[in-house]
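This briefing is for a reader who is meeting the structure for the first time. It goes through the sheets, a helix, the ligand surroundings and the chain as a whole.

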Amino acid sequence: MIATESLSKRFPRVTALDRLSMDIGPGVTGLVGANGAGKSTLIKILLGLSPATEGRASVLGLDVATSGGEIRERVGYMPEHDCLPPDVSATEFVVHMARMSGLPPTAARERTADTLRHVGLYEERYRPIGGYSTGMKQRVKLAQALVHDPQLVFLDEPTNGLDPVGRDEMLGLIRRVHTDFGISVLVTSHLLGELERTCDHVVVIDGGKLLRSSSTTDFTQTTTTLAVEVTDTDAHPDGTRALRDALQGHGIDTEAGGELPGAGHTILLTAEGEETYDLVRDLVADLGIGLVRMEQRRHHIAEVFKDEPQEEPVSERAAAWAATAATAQQKGGER
Ligand SMILES: Nc1ncnc2c1ncn2[C@@H]1O[C@H](COP(=O)(O)OP(=O)(O)OP(=O)(O)O)[C@@H](O)[C@H]1O
């Protein structure tokens with residue numbers, strides 16, 4: 001879908017992209033990086049709207065340097081910033097964008113109605129956009145990116161400004177753009193946790209350089225850590241404590257997992273193998289407490305970046321960003 005080869009973009013005072021080489025296949029791909037990492041600059045180059053200083057890039061097999069127009073016919077683009085005219089309705093605006101993409105008037109109206117329904121805008125689509133909430137405006141921006149039935153869409157920070165519920169709804173919509181219509185998606189975000197739930201593949205950039213490009217499952221491999229959640233009983237008012245003591249008696253150290261996303265009475269221990277599972281089961285049964293869940297933990301993407309030794313020194317900005325991402329991840333999990 002997208003390939004770049006040693007792609008650089010230098011502005012007079014800043015290098016926005018620095019010899020970026022990557023290949024992106026079909027599906028939903030997340031492009032993640034802190035503010036200023038170069039995400040929007042990359043999208044503008046891929047759309048053929050801004051020339052690269054060095055290197056090459058192609059989208060759907062078309063060279064961005066020479067085929068910008070053809071690329072934009074086949075690709076939808078949802079820009080990051082608010083760019084909607086306030087005094088026209090969503091219907092009028094999206095029909096206009098469909099006509100600009102070359103659809104005849106009847107097809108443009110039909111596609112607009114379908115697309116606005118798909119993004120969840122109903123009666124309000126006849127009202128002027130100026131009175132819309134941020135979430136509704138983001139939906140209009142998404143609709144105009146989809147209206148001409150592109151093969152690929154670039155969504156630049158589509159969850160910006162949304163509350164947690166709005167963010168989840170937008171992420172669900174993005175996933176369905178691919179599953180329902182087969183349109184591939186490149187979506188940017190500065191929140192790793194968001195993309196972990198939505199994307200098949202994640203590309204991480206920092207300071208215009210590629211940090212990592214892998215499938216989401218590679219980022220979130222299972223660990224040997226076992227999370228166990230138990231209930232309290234009259235006999236054991238602190239069931240977690242009782243199980244920790246019992247495991248200690250068998251030489252197994254545990255730590256509290258209460259700070260983990262969604263965890264209440266959770267403890268963490270290292271699973272040596274099947275026998276650890278059996279031992280936990282037997283101890284829980286002996287204590288007469290309830291076993292709520294016992295599961296192997298998966299990495300969260302943010303943790304990968306917190307723990308991973310870097311080949312090159314990480315910039316302070318990247319470190320701060322990893323910390324922010326980890327916090328956001330936890331908050332997301334706690335919801
Ligand atoms: N037209 C421009 N002229 C000069 N510098 C620019 C220009 N466009 C972007 N930059 C700089 O290039 C760097 C990358 O910007 P870019 O907008 O691509 O980042 P980003 O990852 O999309 O961040 P954000 O999410 O904040 O938009 C930044 O330092 C930015 O200030």
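In this predicted model, four strands form an open sheet in the order β2-β1-β4-β5, and their pairing is antiparallel. Strands β2 (15-24) and β5 (62-63) are at the edges with a single partner strand each, so one side of each has no neighbour in the sheet. Helix α1 packs on this sheet, where it touches β1, β2 and β4.

**Pairing in the sheet of 4 strands**

- Strand β1 (residues 2-10) pairs with strand β4 (residues 54-59) in the antiparallel sense, over 5 bridges.
- Within this pair, Thr4 of the one strand stands opposite Ala57 in β4.
- Ser8 has Glu54 in β4 as its bridge partner.
- Strand β4 also pairs with β5, again in the antiparallel sense, over 2 bridges.
- Here Val59 has Leu62 in β5 as its bridge partner.
- The hairpin of β4 and β5 has 2 residues between the strands, and Leu60 in this hairpin takes a positive phi near 50°.
- In general, the strands of a sheet pair through backbone hydrogen bonds, in either a parallel or an antiparallel way.

**Helix α1**

- The direction of α1 makes about 115° with that of β1.
- Helix α1 is mostly covered, with 8 of its 8 residues buried.
- Among the buried residues of α1 are Lys39, Ser40 and Thr41, and also Leu42 and Ile43.
- Gly48, just after α1, takes a positive phi of about 75°.

**Around the ligand**

- Helix α1 (residues 39-46) contributes 3 residues to the shell around the ligand, the largest share.
- The ligand has 14 residues around it, of which Ala16, Asn35, Lys39, Ser40 and Thr41 come nearest.
- Lys39, Ser40 and Thr41 thus appear both among the residues nearest the ligand and among the buried residues of α1.
- By type, the residues of the shell are 4 nonpolar, 7 polar and 3 charged.

**The sheet of 6 strands**

- Another open sheet has 6 strands in the order β6-β7-β8-β3-β9-β10, and its pairing is mixed.
- Its edge strands are β6 (75-78) and β10 (209-215), each of which pairs on one side only.
- On average, neighbouring strands of this sheet are turned by 15° against each other, with direction ignored.
- Strand β7 (residues 152-155) pairs with strand β8 (residues 184-189) in the parallel sense, over 4 bridges.
- Leu155 stands opposite Val187 in β8.
- Helix α6 (residues 164-181) lies across β3 (28-32), β7 and β8, and runs at about 160° to β8.

**The chain as a whole**

- The protein chain holds 12 helices and 14 strands.
- Of its 335 residues, 38% are buried.
- Among contacts in the chain with a separation of 6 or more, 70% are between residues 24 or more positions apart.
- The chain is divided into domain 1 (2-218) and domain 2 (222-298).
- The C-alpha centres of domain 1 and domain 2 are 44 Å apart.

Key
Residues numbered from 1 in each chain as written. Predicted model: local features only at pLDDT ≥ 70, side-chain atom pairs only at ≥ 80, totals over all residues. Near = placed C-beta within 6 Å. Nonpolar A, V, L, I, M, F, W, Y, C, P; charged D, E, K, R; others polar. Buried ≥ 20, exposed ≤ 12 C-beta atoms within 10 Å, placed from the backbone. Contact = placed C-beta atoms within 7 Å. Domains from an automatic or database assignment. Pairing = 2+ DSSP bridges. Axes fitted to C-alpha atoms, helices over the stretch in contact; angles between N-to-C directions.
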